[in-house]
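Thank you for making time this morning. I would like to walk through one structure with you, and I will begin with a term we shall need along the way.

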Amino acid sequence: MSGLARFARNRGALIGLVLLVLLIAVALLGPSLYPTSPWRLVGRPFMAPFAMDRFPLGTDTLGRDIAAGLVHGARVSLLIGLVSTLVSLMIGVPVGALAGYLGGVADDLLMRFTEFFQTIPSFALAIVIVAILQPSLTSIVIAIAIVSWPPVARLVRGEVMSLRSREYVLAAVTVGQSTPRIILTQVLPNTVAPIVVMGSLMVASAILLESSLSFLGLGDPNLMTWGYMVGAGRTRLLDAWWISFLPGLAIFLTVLALNLVGEGLNDALNPRLARGRD
Amino acid sequence: MPSLRIATAAAFVSLLALGSSAGWAQAPKRGGTVHAIVTPEPPMLMQGLSQTGPTNMVAGNIYESLLRFDEKLNPQPSLARSWEVTDGAKVYTFKLQPNVKWHDGKPFSAEDVVFTLDKFLREVHPRWRPIANAQVEKIEQLDAETVRITLKQPFGPLLFAMEVASAPIVPKHVYEGTDYKANPMNNTPIGTGPFKLKEWKRGSYIHLVRNEDYWIKDKPALDEVFWQIIPDAASRAVAYETGKVDVLTGGSVDIFDVPRLAQLPNTCVTTKGWEMFAPHAWITVNHRNGILGNKQFRQGLMHAIDREFGKDVVWNGYGKIPTGPISSKTKFYSDDVKKYDYDVKKARDLIKQSGYKGETIKFLALPYGETWTRWAEAVKQNFAEVGVNLEIVTTDVPGWVQKTSDWDFDLTFNFLYQLGDPAIGVSRSYVSSNIAKGNPFGNVGGYSNPEADKFFADAAVAATEAERQTLYTKVQQILAEDLPVLWLLEMDFPTIHRCNVKNLVTTAIGVNDGFRDAWKE
């Protein structure tokens, strides 16, 4: 059975994929749907969803269009999720690959360094980093990347350790390929599957982390994000639930979709595990 | 049918409220306990040594000064039963109340007043010290009930300096010859006021009890006042809803919670009792940074800000739009100045003429909670409508204090107390002699206009009220033209209390000295 078929057999993964495609479509089409800034004070504050055709999802505490906020927030959330995951992979994969392949003292040093980051509570560390660097898009991406790379390093190290004594790797050593070349061309390509699965889940947790930071008021103050919308509306939850609820729902669906897709990818890329489910 | 039951209860309670307001003149009832909020927890209760808001709120009921002020800022007797200004407004003679006792039973006399003003406060009080050193020639005791202050030149605001936070009278027998700041008695304040400190359970409450020997017979009416300390605004609102506290002092709950709490049965809301402070909110402009030094540009910005929106939506309708540097609640206010209505077209024209090229201006957000954040977002949108790019920069409270004190900002919010008289609370933000790093409440924007400096200086020492008014009107006209800062709101801090707590807010400082006359039905 091909990977694609295995993915398709997981109904949850399909639902997740559909949600994700919709979300990406919204993010891409956003600027044409809502060309003006989501911060504009366009209507009366506290209008409920469907109360007025112009604002299908209502308005917030200052009279900003919540639908516009959600659409623009989708772009920011996806962007931050993807970029910070890429950055943390760029740190985690080399560290893990070197540690796993070289072993010995290098392994010890790199793993102690990794554990140093792993032992600090990640959310607290992210808050500290953002607070020190001043909240902005860049500082948030940096903070998320710094707290998310250690699990990647550990995963890649484990994979590389099991791969490096395989015959084809030993053969490459025998024909005299250089170490970097062996790592890049022989070892790493075989670790791609677990990294892809982990990456998809990391995008989800990055989106959650960014939302939590924004909720606490540590988001980029010039970007409309879902976490900011939840945070700004939470004090009015009793009389204007939709201000917080709708962006909260958007976060929930996005994270759910990414997790479902991640699981589907796991089934598709790890056929031995997937077979166990049949 | 719970909703019907609630409606009936509400109707019943409002009938009760009507009944009691009809009989407003009834005599105060003795006895009772009131729970009020103080937030944050005061650092200490020795009012001469600490001028923080929470200290004043509690200690103003323990200590007294020579004068109190009514809601129109007219001086009223307190420890001084009468006073006289003679010799070209240079000699102030205060006659003191007889039979006043300190909380430890010792008699109070003119010696205590002279010691307080001439020794104690001159050494420790940041607002009295400059007045005592620059304006006062001598402070002397004429007899046990008379004190005379002689000035070097007329100084109009002197009486305002006799308010309890500015000049609380402290006991000479406790402090004379000691290291004032290290005196162990600072933990158990001894005043002459209507209430004594019984217990202070840190992090929980401050318990005041009636002063049985108070110099006004039959006052205070209440037996006890508990100042509850609850660290979170939402929990404070809940404490009121559940009946744990009776008084939510100004600023203790978020402004957007006020309309909801005001709907509760037996609940009264008042914005009075802040006339002495008259908090004035504005956008501080750093004149050193490029286009911000351009008057036309600032005028354009002022026309661009929808200040009514800020008041009605961000501040839930509380407050008033200011016309200039002096609050309409403060003495010597004049509205005979240039006005700036919300006018996008005029704003665009002025900004275009100023030569603004679209450079990004940074707005340092004031980290005092959500309402201020929303306000910054609204201002940013107002500016965007006229093509001015604003980037909001967030920070924490120490960060804000440091950046503002070091002039490291383009624009930021600030709000200052006016303290009754422009010479005390207004001029400090605009005169060039107050351009100094290290204090966020000085003239941090660097505005400098020798003409305004001169009018401010002359007005402070002019002999008559009429002369002072003329000079302050001129200053207001100059500043409204120059716009050293962008005035946004005369802020209101509503006090929410149970309607059966009567006479709580009767002075210009509200609950800060309100428990002397308060009573509970």
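Two strands are said to pair if DSSP finds at least two bridges between them. With that in mind, and remembering throughout that this is a predicted model, let us turn to chain B, where in β5(B) the bridge partner of Thr86(B) is Val91(B). The strands concerned, β4(B) and β5(B), run antiparallel and are joined by 6 bridges. Their hairpin has 4 residues between the strands, and Asp87(B) takes a positive phi there, near 55°. Most residues other than glycine have a negative phi, and most peptide bonds are trans. Is Asp87(B) buried or exposed? Asp87(B) has 11 C-beta neighbours inside 10 Å, so it counts as exposed.

Stepping back to the sheet, we find 4 strands of chain B in the order β4-β5-β7-β6, an open arrangement with antiparallel pairing. Because β4 (80-86) and β6 (136-143) of chain B each have a single partner strand, they stand at the edges, and one side of each is left without a neighbour in the sheet. On average, and with direction ignored, neighbouring strands here are turned by 15° against each other. At the β6(B) end, this strand pairs with β7 (residues 146-151) of chain B over 6 bridges, again in the antiparallel sense, and Lys138(B) has Thr150(B) in β7(B) as its bridge partner. Across β5, β6 and β7 of chain B lies helix α3 (residues 110-124) of the same chain, running at about 170° to β6(B).

Elsewhere in chain B, a second positive phi, near 70°, belongs to Phe332(B), which is also a residue other than glycine. Phe332(B) sits in the loop between α9 (307-314) and α10 (344-353), and with 20 C-beta neighbours inside 10 Å it counts as buried. There are cis peptide bonds to note as well: one joins Thr39(B) and Pro40(B), with omega about -10°, and another joins Lys219(B) and Pro220(B), also with omega about -10°.

In chain A, I would point to helix α3 (residues 66-102) and helix α11 (residues 241-269), whose axes come within 11 Å and cross at roughly 30°, in a right-handed crossing. Among the residues that meet are Leu70(A) and Gly73(A) in α3(A), and Leu246(A) and Ala250(A) in α11(A). The residues of this contact divide into 7 nonpolar, 3 polar and no charged.

Finally, where the chains touch, chain A gives 14 residues and chain B gives 15 residues to the contact; the side of chain A has 6 nonpolar, 6 polar and 2 charged residues.

Methods: Residues numbered from 1 in each chain as written. Chains lettered and ligands numbered in written order. Predicted model: local features only at pLDDT ≥ 70, side-chain atom pairs only at ≥ 80, totals over all residues. Contact = placed C-beta atoms within 7 Å. Nonpolar A, V, L, I, M, F, W, Y, C, P; charged D, E, K, R; others polar. Helix = DSSP H or I, 4+ residues; strand = E, 2+ residues; numbered from the N terminus. Axes fitted to C-alpha atoms, helices over the stretch in contact; angles between N-to-C directions. Left-handed = near helix turned anticlockwise from the far one by under 90°. Buried ≥ 20, exposed ≤ 12 C-beta atoms within 10 Å, placed from the backbone.
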